[in-house]
Amino acid sequence: MEEPPERWARSCSPRRRYDILTTNIVESMNSILLEARELPILRMMDFIQVKLQRWFYERRNEAKGTFYDVSCWVEEELKKKDRFSIYFESIEKRNIKKFNFCSNWYLKEFWLKTYERQIHPIGHNDSWIVPESVKSQVVKPPDFKVPPVHPFSRKYRE
């Protein structure tokens, strides 16, 4: 709430913000939402919430159940790398753990921290606690003119 809406909401931005690049997480979510795109917005939000709850639950349990010092994915990748086996053997002969040579981001501890939070249902909007400063704000749709359609592209429009 400390940041003005112009910084985080496209509807309040003084300029068009269609030049923003997406990240892999956005692409992943887009592929998951294919089945939910035709739903009404509230049903789609419920779908997203349930999907995230399931992901966090499954990944948290997987992280808790691993016996490795690093994530399961890293451990499997290390096993695949036969060319590093000489390095690992020399490391283990000196009683040094191989996870000491991994970035902290791949350690089990960080893996657990990623999924330690829970995603709770938001409940009915009657039970929401909304500050008066937010309730009093009026958010209007942005001023937007529909750009003219190029004649070539008209034949593809429904």
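Which exposed residues does the face of α4 turned away from its buried side carry? The legends below refer to a predicted model, and the answer is given with the view of α4.

**Figure 1. Overview of the predicted model, an arrangement of eight helices and zero strands.** From the N terminus on, the order of elements is α-α-α-α-α-α-α-α. The protein has 158 residues, of which 17% count as buried. Among contacts with a separation of 6 or more, 58% are between residues 24 or more positions apart.

**Figure 2. The two faces of helix α4, residues 72–80.** Buried positions in this helix are Cys-72, Val-74, Glu-75 and Leu-78. These residues lie on the same side of α4, because the arc they cover around the axis is only 165 degrees. Trp-73 and Lys-80 are the exposed residues carried by the face turned away from the buried side.

**Figure 3. The largest nonpolar core, with seven residues.** Its members are Val-70, Val-74, Leu-78, Phe-88, Ile-91, Cys-102 and Leu-107. Helices α4 and α5 (85–93) are the elements that give two or more residues to this core. Val-74 and Leu-78 also belong to the buried residues of α4. Cys-102 is in contact with Val-70 and Val-74, when its neighbours within four places in sequence are left aside. In soluble globular proteins, nonpolar side chains tend to be buried together.

**Figure 4. Surroundings of Ser-71, in the loop between α3 (41–65) and α4.** Ser-71 has a relative accessible area of 11% and is therefore buried, the limit being under 20%. Not counting residues up to four places away in sequence, Ser-71 touches Tyr-106, Leu-107, Lys-108 and Trp-111. One of these, Leu-107, is also a member of the largest nonpolar core.

**Figure 5. Surroundings of Trp-128, in the loop between α6 (108–114) and α7 (132–135).** The relative accessibility of Trp-128 is 43%, so this residue counts as partly exposed. Ile-122 and Gly-123 are touched by Trp-128, not counting residues up to four places away in sequence.

**Figure 6. The largest pocket, with a volume of about 260 Å³.** Residues from Met-1 to Cys-12 in the lining are Met-1, Glu-3, Pro-4, Pro-5, Trp-8, Ala-9, Ser-11 and Cys-12. Val-134, Gln-137 and Val-139 also line this pocket. By type, the lining residues divide into eight nonpolar, two polar and one charged. Rolling a probe the size of a water molecule over the atoms shows where empty space is left.

Terms used:
Residues numbered from 1 in each chain as written. Predicted model: local features only at pLDDT ≥ 70, side-chain atom pairs only at ≥ 80, totals over all residues. Heavy atoms only, no water. 1 Å grid on protein atoms, 1.4 Å probe; cavity = no way out; pocket = protein on both sides within 12 Å on 5 of 7 lines; lining within 4 Å. Points joined across faces, edges and corners; volume = space filled by probe spheres on them. Nonpolar A, V, L, I, M, F, W, Y, C, P; charged D, E, K, R; others polar. Buried < 20%, exposed > 50% of the residue type's maximum accessible area, 1.4 Å probe, protein only. Helix = DSSP H or I, 4+ residues; strand = E, 2+ residues; numbered from the N terminus. Arc of directions from axis to C-beta. Contact = heavy atoms within 4.5 Å. Core = buried A, V, L, I, M, F, W, Y, C linked by side-chain atoms within 4.5 Å.
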